[in-house]
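Me: I'm new to this one, so could you pick a single part and walk me through it slowly? I'd like to know what it touches and how it is tied in.

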Amino acid sequence: MTDERHALREFVAYHQGSYRAVAYGLSEQQARATPTASALSIGGLIKHATGMQRTWMARVAAAPAAPPADPRPREQIAREFQDQFVLHPHESLAEALEALTAQNAETLRLLESTDLDAAVPVPRSAPWFPTDVPAWTVRWVFHHVINELARHAGHADIIRESIDGATMYELVAAAEGWQPTTWLTPWQPGG
């Protein structure tokens with residue numbers, strides 16, 4: 001890593017890539033499956049990773065000002081936030097991955113071009129945000145995005161392993177066309 005921004009970019013990109021890998025080879029039905037005690041699905045987590053980045057990047061893009069106020073009623077905002085965690089029948093895994101890919105690129109663009117010390121006003125729209133902190137830095141936001149991406153990629157790993165036994169390194173190896181080795185065999189359907 002050459003500097004802090006390069007390190008942040010590598011960590012963000014690494015965790016962004018986890019979602020494509022964990023979805024590799026899934027059917028539409030499997031992308032919606034909730035095989036664990038959680039109501040989460042891989043498709044829903046992909047949608048959430050997209051929405052989470054979109055929300056935080058709107059704040060980064062507007063810094064040091066707050067983004068424009070959301071004109072929607074609070075109930076609609078809450079409903080649409082919960083909707084991020086569900087891949088509905090009218091949505092496809094391919095569409096969700098396409099939206100994620102586009103948002104990933106925008107997130108990386110902002111990471112490469114924004115002042116890491118710029119102030120990002122703390123949202124006042126949810127009870128989990130602190131009331132005694134007026135602003136975070138763009139740097140803090142990117143650390144938070146890394147945390148969110150990693151946390152939910154871990155959820156997706158468990159869900160995927162519950163669906164068909166596939167694990168992340170096997171999936172990455174398959175998605176990237178690696179050759180089998182004595183210690184790693186790329187994932188194959190039914191394998």
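Reply: Let's start with a word we'll need: two parts are in contact when they have heavy atoms within 4.5 Å of each other. Also keep in mind that this is a predicted model. The part I'd pick is helix 6, which covers residues 138-164.

Begin with its partner, helix 3, at residues 42-62. Two packed helices are described by the angle between their axes and the distance between the axes. Here the angle is about 175°, and the axes are 10 Å apart. Anything over 145 degrees counts as roughly antiparallel, so helix 3 and helix 6 are roughly antiparallel to each other. What kinds of residues make up this contact? They divide into 16 nonpolar, five polar and two charged.

Now look at helix 7, residues 168-175. Its buried residues are Met168, Leu171, Val172, Ala173 and Ala174. Those buried residues pack against helix 6, and against helix 1 (4-23) as well. Just after helix 7 you'll find Gly177, with a positive phi of about 70°.

Back in helix 6, find Arg139, which lies there. Which side chain from helix 1 does Arg139 meet in a salt bridge? That would be Glu4, at 2.5 Å from N to O. The two are 135 residues apart, so you can see that this pair links distant parts of the chain. Is Arg139 buried or partly exposed? It has a relative accessible area of 22%, and buried would need under 20%, so Arg139 is partly exposed. Glu4, at 36% relative accessibility, also counts as partly exposed.

Arg139 has another salt bridge, with Asp117, where the closest N and O atoms are 2.6 Å apart. Asp117 sits in the loop between helix 5 and strand 1 (119-121), so this pair ties together parts that are 22 residues apart in sequence. At 53% relative accessibility, Asp117 counts as exposed. Put these together and Glu4, Asp117 and Arg139 are linked in a network of salt bridges.

The structure holds 10 salt bridges, and one of them ties helix 1 to helix 5 (residues 93-113). There the side chains of Glu112 and Arg9 meet at 2.3 Å, N to O. Glu112 in helix 5 and Arg9 in helix 1 are 103 residues apart. Glu112 counts as partly exposed at 42% relative accessibility, and Arg9 does so at 26%.

How values were computed: Residues are numbered from 1 along each chain as its sequence is written. This is a predicted model: local features need pLDDT of at least 70, side-chain atom pairs count only at pLDDT 80 or more; totals for chains, interfaces and linings use all residues. Side-chain values use heavy atoms; hydrogens and water are left out. Axes are lines fitted to C-alpha atoms, for helices over the stretch in contact, and angles run from 0 to 180 degrees between N-to-C directions. Helices (H or I, at least four residues) and strands (E, at least two) are DSSP runs, numbered from the N terminus. Angles under 35 degrees count as roughly parallel, over 145 as roughly antiparallel, 65 to 115 as roughly perpendicular and the rest as oblique. Ala, Val, Leu, Ile, Met, Phe, Trp, Tyr, Cys and Pro count as nonpolar, Asp, Glu, Lys and Arg as charged, and the others, Gly among them, as polar. Buried means under 20% relative accessible area, exposed over 50%, partly exposed in between (1.4 Å probe, protein chains only). A salt bridge is a side-chain nitrogen of Lys or Arg within 4 Å of a carboxyl oxygen of Asp or Glu.
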